[in-house]
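Visitor: I am new to this structure and should be grateful for a close look at one part of it. Please describe how a pair of helices packs together.

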Amino acid sequence: MQGVLLGFAVVAALILVGVAAAVALRTRSGEMQRGLGSVTYYLAGPALMFILTAEADLGAVATVYTPIALLAAAIGGMLYAVFARLALRRKLERCLVGAMASTYVNAGNIGVPIALYVVGSSAPVVSVLLAQLLVIAPGYMVLFSWCARRRDLAGDASPSPVWWPILKAVANPMTIGTGAGVAVAALGIHLPEIVWEPIRMLGEASIPLLLLAFGMSIPGQRPFRQKNVLPDVLWASIVKLAAMPVIAWALGRFAFGLDGVPLLGVTIMAALPTAQNVFLFASQFGMPVVLARDVILASAVLSLPAVLVVTLLTS
């Protein structure tokens, strides 16, 4: 339980620092938030993905853990999107952001201490990162870019070329950093200290910067104020914290034959709260950020009991 509590405490503390900074700085907080978001998206985040994947045992995670993460995210995303489209009558943009928010987990921050202290291995975390940053995130960014292009066409603005969404998704900094780390791990390359250490230092700054930027977005916005978004937030939270762990457990147990600690690892990873990266991606592409922010907050508050329940039931 120590790893669970530690991961959540770190996240909460840094978000609160961001909130306090926004309150204290007021007019300058928006500018700082945008700056922190850009630094994280283009520099620190890719560096973190590189160092995490470069040291990974790819053979240990690619055969079982990563397929489970991909399947669970696909099933959970479709579950959210179908209900949001048919029952809630939401537009495509909200369906896409809600689907990503209900399946894209905070593996890079909360997942690391939980995996190390509770599971005893980083394999579940690395598998989720590989699935999310090499497949899931680029897929959503293609769709986000397509939505942005469609808005440009509707508003008589000059749209980007039709191939631009695919290029932007494949060539985004997070995916490039992850792909480079995978290449280094696969080829067994050992970078010299003079190269590795600056990348490591930059990567370690990613999570604090992202959490600070997210905290700065909260004051003045008053989460959960938009009543028309609350059904979306509720449904996304149910999918994220209840359906996703069940889906991951069923896949691991019956499709891949896992039990014991490995099964506990994949189930806990699915029960983690929504990653702040969803807010970052949504803001970069002009998607509904209020939905992303509110789901992140709701899942952050409710995921601790969810993870504790999963730990008790599967350990």
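Guide: The following account concerns one helix pair and a salt bridge beside it in the list of features. This is a predicted model, in which local features need pLDDT of at least 70, side-chain atom pairs count only at pLDDT 80 or more, and totals for chains, interfaces and linings use all residues. Residues are numbered from 1 along each chain as its sequence is written, and side-chain values use heavy atoms, with hydrogens and water left out.

Two packed helices are described by the angle between their axes and the distance between the axes. Helix α4 spans residues 65-86 and helix α12 residues 230-255; they pack at about 145°, their axes 9 Å apart. Here helices (H or I, at least four residues) are DSSP runs, as are strands (E, at least two), numbered from the N terminus. Axes are lines fitted to C-alpha atoms over the stretch in contact, and angles run from 0 to 180 degrees between N-to-C directions. The crossing of α4 and α12 is right-handed, meaning that the near helix is turned clockwise from the far one by less than a right angle.

Among the residues making the contact (heavy atoms within 4.5 Å) are I68, L71 and F83 of α4, and D232, W235 and L251 of α12. The residues of this contact comprise 17 nonpolar, two polar and one charged, where Ala, Val, Leu, Ile, Met, Phe, Trp, Tyr, Cys and Pro count as nonpolar, Asp, Glu, Lys and Arg as charged, and the others, Gly among them, as polar.

D232 also forms a salt bridge with R90, with the closest N and O atoms 2.9 Å apart; the term denotes a side-chain nitrogen of Lys or Arg within 4 Å of a carboxyl oxygen of Asp or Glu. R90 lies in the loop between α4 and α5, 142 residues from D232.
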